[in-house]
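Biologist: I've got a new structure open and I'd like to walk through it with you. Can you put it on the screen?

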Amino acid sequence: MPQCEMCGAESSSLTTTKVEGAELELCDECSDFGTEVRTQSSGSSSTKYSTSSSSDSSSSSSSSTSGGSGSSGSTRRRQDMFDDMDEVATDYDERIRTAREDRGWTQEDLANELNEKASLIRKLERGDVLPSDEVQTKLESELDISLSEGGGGDDSDWSGGSSTTTTLGDVVKRKD
């Protein structure tokens, strides 16, 4: 007797159901978690499956086709939330330690000024952990330093040519 691919229950009749992009053979109880997939007649359309949530298979396929081809900026990468974020400098641990020592503070003194634990300051100065946004803001304002990378410095190497002419060998510096 076949088993449900979600809960493992044995069932005499399983339905093919699409759950988060995967087609599974599910029992009646688990099939509520997805959309039932039905096989269409062979001559009506070029697509093999349609979902029960769409009322007309041709309208669902045309809407997905027009949505994909309608984007005019297909050659450009979409901007996301990470483009606006600053990266923490690779030498953030040295910057914190140097600024703290310049003020003559111990790690415990800095922790008290920031209202943080001294163990966090030790871990930051060893480079074991990255500072959270809140701690980074506190450190930058208290020590009058910047822990962010100066954006754009790494990208300047790439602005001169197209991606088809620049190879990995042009960018990599060998350690001989």
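Biologist: Let's start with one residue: is Ser31 buried or exposed?

Modeller: Keep in mind that this is a predicted model. Ser31 sits in the loop between β2 and β3 (35-39), and leaving aside residues up to four places away in sequence, it touches Thr15, Thr17 and Leu26. The cut-off for buried is under 20% relative accessible area. Ser31 has 17%, so the word for it is buried.

Biologist: And which element holds Arg100, and is Arg100 buried or exposed?

Modeller: Arg100 belongs to helix α2 (residues 92-102). Not counting residues up to four places away in sequence, Arg100 touches Trp105, Thr106, Gln107, Leu110, Glu125 and Leu143. Its relative accessible area is 8%, so Arg100, in helix α2, is buried.

Biologist: Zooming out, in what order do the elements of the protein chain run?

Modeller: In total there are six helices and four strands. Reading from the N terminus on, the order is β-β-β-β-α-α-α-α-α-α.

Biologist: How much of the protein chain is buried?

Modeller: Let's take the surface before that. The chain exposes about 13,100 Å², with carbon and sulfur atoms supplying 45% of it. As for buried residues, out of 176 residues in the protein chain they make up 19%.

Biologist: Back to the helices: how are α3 and α5 oriented to each other?

Modeller: Two packed helices are described by the angle between their axes and the distance between the axes. Here the axes of α3 (residues 107-114) and α5 (residues 133-143) come within 10 Å and cross at roughly 110 degrees. Angles of 65 to 115 degrees get one label, so α3 and α5 are roughly perpendicular.

Biologist: Which residues make that contact, and how do they divide into nonpolar, polar and charged?

Modeller: From α3 come Leu110, Glu113 and Leu114, while α5 brings Lys138, Leu139, Glu142 and Leu143. Sort the residues of this contact by kind, and you get four nonpolar, no polar and three charged.

Biologist: Now the cysteines: how many disulfides does the count come to?

Modeller: A disulfide needs two cysteine sulfur atoms within 2.5 Å. For Cys4, the closest cysteine sulfur is in Cys7 at 3.7 Å, which is too far for a bond. For Cys7, the closest one is in Cys30 at 3.6 Å, again too far. The count therefore comes to zero disulfides.

Biologist: Is Cys7 buried, exposed or partly exposed?

Modeller: Try Cys4 as a warm-up: it has 4% relative accessibility, so it counts as buried. Cys7 has 46%, and the class between 20% and 50% is the one we need. That makes Cys7 partly exposed.

Biologist: What is the phi of Glu20, and where is Glu20 found?

Modeller: Most residues other than glycine have a negative phi. Glu20 is exposed, with a relative accessible area of 85%. This residue is found in the loop between β1 (15-19) and β2 (22-26). Though Glu20 is not a glycine, its phi is positive, at about 50 degrees.

Biologist: And what about the phi of Asn115?

Modeller: Asn115 is found in the loop between α3 and α4 (118-126). At 67% relative accessibility, Asn115 counts as exposed. Asn115 is not a glycine, yet its phi is positive, at about 60 degrees.

Key
Residues are numbered from 1 along each chain as its sequence is written. This is a predicted model: local features need pLDDT of at least 70, side-chain atom pairs count only at pLDDT 80 or more; totals for chains, interfaces and linings use all residues. Side-chain values use heavy atoms; hydrogens and water are left out. Buried means under 20% relative accessible area, exposed over 50%, partly exposed in between (1.4 Å probe, protein chains only). Axes are lines fitted to C-alpha atoms, for helices over the stretch in contact, and angles run from 0 to 180 degrees between N-to-C directions. Helices (H or I, at least four residues) and strands (E, at least two) are DSSP runs, numbered from the N terminus. Angles under 35 degrees count as roughly parallel, over 145 as roughly antiparallel, 65 to 115 as roughly perpendicular and the rest as oblique. Contact means heavy atoms within 4.5 Å. Ala, Val, Leu, Ile, Met, Phe, Trp, Tyr, Cys and Pro count as nonpolar, Asp, Glu, Lys and Arg as charged, and the others, Gly among them, as polar. Accessible areas come from the Shrake-Rupley method with a 1.4 Å probe; for residues, only the protein chains shown count as cover.
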